[in-house]
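Student: Please take one part of this structure and look at it closely. Then place it among its surroundings, at a level a first-year student can follow.

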Amino acid sequence: MEPLELAEILKKRFPGEVVDIVSHRGQVSVIVKRERILEILENLRDDPTALMNHLMDLCGVDYLGKKENRFEVVYNLYSIPLRHSLRVRALVPEDDPRISSVTSLWRGADWHERETYDLYGIVFEGHPDHRRILLPEDWEGYPLRKDYPLPGPKTEWHGYEEVKEFSKRLRKYDFSGSPGEA
Amino acid sequence: MEFVTTLIIILAVVAVVLLHVAYATYFERKVIGHMQVRMGPMRVGPHGLLQPIADFVKLFFKEDVVPAGVDRPVFYAAPIISLVASLSSLAAVPFARGLVIADINIGLLYIFAMSSVASYGVVLAGWASNSKYAFLGGLRSSAQVISYEIAMGLSLVGVMMSAGSLNLTDIVEAQKADFFGCYAIPQILGFFVFVVAMLAETNRTPFDLPECESELVAGYFTEYSGFRFALFMLAEYVGMVIMSTIAALCFLGGWHGPFDVPYIPNFWLLIKIYFMIFFYFWIRATLPRYRYDQLMRLGWKVLIPLALANIVVTGIVKTFIS
Amino acid sequence: MDTTRMKPVLEEEGELFTLQMGPQHPATHGVLKLDLELDGETVVRCRPVVGFLHRGVEKLAENMTYAQSMPLTDRLDYISAMANNVGHTVAVETLLGIEPPIRAKYIRTMVCEMSRISSHLLWLATHALDIGAMTVFLYCFREREWILDLFEELCGARLTTSYTRIGGVRQDVTGHFLESLLRFTDEFPEKVHEYETLIDTNRIWLDRTQGIGVLTAEEAVQLGLTGPSLRGSGVDYDIRKHRPYDAYPYLDFQVPLGTHGDVYDRYRCRMEEFHQSNHLIRQCIEKLPSGPILSEDAPDLVMDPRPKCVTADASLSAGLIKIIEERKHFMEGDVYVSTEVPKGELGFYFVSDGRGIPMRMHIRSPSYIHIGSLPALCEGGMISDVIANIGSLDVVLGECDR
């Protein structure tokens with residue numbers, strides 16, 4: 001089915017949820033509110049006309065200063081049996097960055113959501129293992145946000161002092177030359 | 001005076017065997033290298049002939065790292081136990097007619113006992129290292145050696161029954177008197193079980209689980225370095241030489257060959273030993289590695305019944321003929 | 001520090017034994033770390049830990065032009081850099097609406113398939129080595145060397161190729177290159193047969209791979225597996241057929257499928273892909289059309305985000321001109337374009353705000369999802385199967401951590 005038709009069907013089914021339908025280079029995005037995202041995606045997955053069984057990609061986008069809702073969570077769906085794709089973009093406001101997790105629909109969404117949380121700070125409610133994934137667990141800030149500076153934060157990583165202390169303790173061992181020289 | 005002669009013989013045997021071991025590593029690298037379309041060692045000496053010496057010098061002068069938290073006495077003792085037990089087996093092995101340090105009547109049993117003791121070194125190394133990989137490697141090794149020792153012992157029972165002796169010299173002479181000239185043909189089942197068990201006993205591919213590098217890094221000697229590591233390697237290769245020798249003595253007719261070679265009384269024995277060692281390397285270049293449970297299943301469900309069947313068949317045939 | 005050192009080897013939490021496998025471990029193919037909880041040799045729980053190689057490629061790309069961010073993709077899956085380059089370029093071309101010339105399409109398809117062969121060779125080498133078959137490793141490297149030499153001849157680099165340009169490719173192929181490649185395709189099927197003689201029907205190999213790490217078709221789709229790892233379970237999903245890009249619609253090839261979804265079927269799928277890729281390369285060489293290799297619309301490498309337009313404006317009196325600072329150079333919008341790289345589906349999600357710099361570049365890397373599915377494969381199996389499973393998914397950590 002053409003993606004535009006799918007989007008229209010979705011709009012009919014969830015009139016209050018679908019905010020806009022955007023098309024670019026033949027790819028169609030449905031922009032939805034975040035409240036019933038789980039229902040919308042479940043409908044897309046199980047509906048026999050859509051049958052979107054493959055979650056190709058899930059990621060966050062930061063529209064700082066460009067849009068009213070700062071964040072978007074983007075779901076790229078594909079139907080392997082019917083060979084059509086559709087993009088669903090859920091709006092997430094800055095002051096309350098949370099959305100329901102879709103791990104109950106696709107187990108593969110697990111790590112995508114953890115990554116989005118890690119880099120954007122968007123909280124996925126109902127996620128079974130909601131931790132940072134790519135960055136250390138004690139990292140501060142969310143690097144892919146637009147207001148996070150490219151060279152990294154000015155402050156030193158707080159574990160740095162600890163490492164320095166540890167290296168001082170190791171100083172009594174000599175790692176380089178023959179014993180007794182250092 | 002007799003004591004001094006024995007000492008000289010012992011020294012000579014150990015020296016010759018260690019030389020063989022050193023060049024077995026070279027031989028292995030060359031054989032596997034050529035099987036894998038590469039050259040093997042080429043840099044040290046002509047065609048890399050001095051490579052074993054360079055390896056030895058390197059290992060000898062390497063820093064000996066003892067990780068924190070190891071059980072020191074056991075950690076130090078483990079490689080020595082392995083090597084000493086392996087070398088002790090040499091005492092009962094005849095390298096030519098009459099050339100044996102201790103011509104004892106239960107030579108075969110003694111060699112078994114010593115190869116079991118050698119596995120203590122492996123188990124203790126795994127236990128003392130305070131490393132999980134080494135620990136798993138030690139566990140695997142103990143289970144593996146125990147199960148395959150049974151199969152190996154049983155596979156040789158047929159030989160003992162045929163020869164009527166446990167003395168290795170007698171076994172060789174009995175083969176000369178045999179119709180086929182060697183036990184590999186009448187005892188084909190026993191020979192097969194023995195060869196498989198021999199690979200497992202010396203922890204070689206496809207049974208190199210205790211040290212399998214893909215999952216256990218290096219198995220029981222993960223934490224060893226420098227000379228202690230070299231001792232383990234020595235013990236492994238000495239074990240290989242001994243197993244090859246037993247195979248040559250018990251199944252392939254020992255020092256007897258189709259014709260006599262003047263001045264070299266053990267020419268045929270050496271050829272047979274070298275062939276068996278080559279066989280080890282050939283297997284290593286060809287086969288993947290078994291999984292732990294598959295290895296156990298093979299040992300208990302295939303090899304031991306086969307060996308038992310061999311004993312029964314040998315017994316029946318022997319009764320029937322006599 | 002001293003207290004942890006003196007801990008006994010067995011941590012007695014029930015009967016479980018925790019093994020931290022990696023990040024420095026010979027069989028984890030890079031810096032993957034697995035927290036394994038073992039009951040004897042059986043894996044009770046497996047938790048992959050990734051991120052040791054995180055370089056922030058997505059953040060870096062948001063501060064570069066599209067053309068500048070292409071070399072970053074070399075460093076994702078460094079084993080098949082060509083395929084990544086093509087994936088990035090196809091996505092950018094879709095976003096900017098640039099159509100590359102047909103010759104460039106064929107060349108790209110050709111190098112893509114070459115990199116598929118080279119990547120699968122490395123996979124087979126390491127997978128076999130993990131299971132203990134050492135000789136296959138060196139045989140595979142012999143042929144891989146040949147392909148890398150060809151890459152060197154084509155673009156001067158063996159691994160980090162950076163070969164494509166937005167709207168085409170950087171250099172044209174030479175006659176000598178095509179000849180060598182043709183000779184390679186002549187000899188390669190025999191070499192594949194040589195690997196197969198070593199392991200394909202080997203009893204030990206079958207014991208180690210058949211019935212191990214089984215995934216049904218539904219489970220595999222649920223987990224988001226793609227590429228040969230998905231097709232081993234019998235799901236017909238190949239982006240080259242489903243959403244064809246470059247020259248794939250004009251070429252003839254089959255998609256090998258497995259049936260059982262175990263390690264062996266995934267292995268067979270990749271072995272068949274050797275033949276298919278070889279066939280594709282031959283077709284590309286035979287059909288290679290002449291013509292330009294770079295589109296006329298191709299933007300220059302700088303992709304200046306703020307070009308200044310000088311125009312005569314009717315509202316002003318004659319002779320006067322108006323300088324407009326044209327910021328918006330391209331169309332606004334977003335696209336998700338994925339390509340079939342050797343590991344699976346490599347997707348790029350671009351959001352453009354009209355400048356020459358992407359507002360957002362998200363990389364959907366197959367290895368990341370594949371590693372995420374490791375617990376589903378490994379739990380309940382033996383510790384040796386963990387190694388076989390990692391090998392059968394064909395993961396690269398550079399791509400996983402980005």
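Tutor: The answer starts with one strand, moves to the places where chains and domains touch, and ends with one helix and one loop residue.

This is a predicted model, in which local features need pLDDT of at least 70 and side-chain atom pairs count only at pLDDT 80 or more, while totals for chains, interfaces and linings use all residues. Residues are numbered from 1 along each chain as its sequence is written, and chains are lettered from A and ligands numbered from 1 in the order in which they are written.

The part is strand β5 of chain A, residues 84–92. Strands here are DSSP runs of E with at least two residues, helices are runs of H or I with at least four, and both are numbered from the N terminus. In β5(A), 9 of 9 residues are buried. A residue is buried if 20 or more other C-beta atoms lie within 10 Å of its own, exposed if 12 or fewer, and partly exposed in between, with C-beta atoms placed from the backbone. H84(A), L86(A), V88(A), A90(A) and V92(A) point one way from the strand, S85(A), R87(A), R89(A) and L91(A) point the other way, and both sets are buried.

Two neighbouring strands pair with β5(A), where pairing requires at least two bridges found by DSSP. β4(A) runs antiparallel to β5(A) and is joined to it by 9 bridges; here N76(A) stands opposite R87(A). The hairpin of β4(A) and β5(A) has 4 residues between the strands, and R83(A) in this hairpin takes a positive phi near 60°. β2(A) runs parallel to β5(A), with 4 bridges between them, and I31(A) stands opposite R89(A).

β2(A) and β4(A) also appear where chain A touches chain C. That contact takes 28 residues from chain A and 34 from chain C, two residues being in contact if their C-beta atoms, placed from the backbone, lie within 7 Å. On the side of chain A, β2 (27–32), β3 (54–62), β4 (71–79) and α3 (109–120) each supply at least two residues, and β3(A) gives the largest share, 6 residues. The residues on this side divide into 14 nonpolar, 7 polar and 7 charged. For this count, Ala, Val, Leu, Ile, Met, Phe, Trp, Tyr, Cys and Pro are nonpolar, Asp, Glu, Lys and Arg are charged, and the others, Gly among them, are polar. Of the 2 pairs of chains in contact, chains A and C share the most contacts.

Chain B has no contact with chain A; their closest C-alpha atoms lie 11 Å apart. Chain B does touch chain C, with 26 of its residues in contact with 28 of chain C. α5 (132–163), α8 (213–216), α10 (267–286) and α11 (292–321) of chain B each give two or more residues to that side, whose residues divide into 12 nonpolar, 7 polar and 7 charged.

Chain C has 16 helices and 10 strands, and 54% of its 402 residues count as buried. A domain assignment, automatic or from a database, gives domain 1 (2–49) and domain 2 (57–298 + 330–401). The contact between these domains takes 17 residues from each of them. β2 (33–39) and β3 (42–49) of chain C each supply at least two residues of the domain 1 side, and the largest share, 7 residues, comes from β3(C).

In chain B, helix α3 (residues 72–89) has 18 residues and should span 26 Å at 1.5 Å a residue, while its end C-alpha atoms are 27 Å apart, which agrees. The expected span is 1.5 Å times one less than the number of residues. The buried residues of α3(B), among them F75(B), I81(B) and L87(B), pack against α1 (2–35), α4 (107–128) and α9 (226–250) of chain B.

P265(B) lies in the loop between α9 and α10 of chain B. P265(B) counts as partly exposed because 15 C-beta neighbours lie inside 10 Å. Leaving out residues up to four places away in sequence, P265(B) touches A96(B), R97(B) and W255(B).
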